[in-house]
Amino acid sequence: MDPASAPGAQPRQPWIMRMRWTDLLFAHWPMDPAVLRPLVPSALDLDTFDGQAWLGIVPFRMEDVAPRGLPAVPRFSVFPELNVRTYVRHRGLPGVWFLSLDAASRLTVVGARRWFHLPYVHARMSAERDGDAVVYRSQRRDRSVPDASFQARYAPTGPVEFAAPGSLEAFLTARERLFAVDGAGRIIRSEIRHAPWPLQPASATLDAA
């Protein structure tokens, strides 16, 4: 991950954080752009696919989280995370806008709020395997935001494939940057480098409150 504050510029710094996402579910719903528009800063354009905006809920487990050049510490480098997101463009560059991010790691919440200006909140979370299925639970523990809970059970139902260029699957998953807004109201861009996602169709039951 490499933060860069000048949209359109090439990253000026080497990567500074590494991480691996496992047991991940991409759950998406098509949305009227007018519904999401008030939730996104005016400096960002909603990115649409065939005229529709998209809302994503993405539960997963973080592993091997560590700064560049340092080993991962098991106590701090493995934890569940849940993000709610949509897709945007800034000066033509596509990226992710996070509506919220819940994490079981207090250190991650504090660090990401400070250094990446992301709306992280602390939650009590678990992600456990039940055969091929993942049983996921989250309950916020952060008094600075409204209470919220999330439960899910999901499992693969087909073979691994990679998203075809130009497909909806590629639009939703092949994102290599995120945008945030700092305390001065400036758009902040962070570059993300990752291999193409190995995707599988899945069945899922979700419950949020």
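## Rings and unusual turns

D50 is exposed, with a relative accessible area of 73% (exposed means over 50%, buried under 20% and partly exposed in between, using a 1.4 Å probe and protein chains only). This residue sits in the loop between strand 4 (45–46) and strand 5; strands here are DSSP runs of E with at least two residues, helices are runs of H or I with at least four, and both are numbered from the N terminus.

A word on where this comes from: the model is predicted, so local features need pLDDT of at least 70 and side-chain atom pairs count only at pLDDT 80 or more, while totals for chains, interfaces and linings use all residues. Residues are numbered from 1 along each chain as its sequence is written, and side-chain values use heavy atoms, with hydrogens and water left out.

Back to the backbone. Most residues other than glycine have a negative phi. D50 goes the other way, with a positive phi of about 50 degrees. D23 has a positive phi too, near 50 degrees, and belongs to the loop between strand 2 and strand 3 (27–31). Unlike exposed D50, D23 counts as buried, because its relative accessibility is 18%.

Now for the rings. Searching the whole structure turns up six aromatic pairs. Rings of Phe, Tyr and Trp (its six-membered ring) pair if their centres lie within 6.5 Å; planes under 30 degrees apart are stacked, over 60 edge-to-face, and the rest tilted. Here are two of the pairs, both involving W21:

| Pair | Centre to centre | Angle between planes | Type |
|---|---|---|---|
| W21 and F60 | 4.0 Å | 15 degrees | stacked |
| W21 and W197 | 6.1 Å | 45 degrees | tilted |

The stacked pair joins distant parts of the chain: W21 is in strand 2 (residues 17–22) and F60 in strand 5 (residues 53–67), 39 residues apart. F60 is buried, at 0% relative accessible area, whereas W21 counts as partly exposed at 25%.

What does the tilted pair of W21 and W197 tie together? W197 lies in the loop between strand 12 (187–191) and strand 13 (202–208), so its pairing with W21 in strand 2 connects parts 176 residues apart in sequence. Ring pairs also bring F26 into the picture, linking W21, F26, F60 and W197 into a cluster.

One more ring is worth a look. R175 has its charged end over the ring of F171, 4.5 Å from the ring's centre (that label needs NZ of Lys or CZ of Arg within 6 Å of the ring centre and within 35 degrees of the ring normal).
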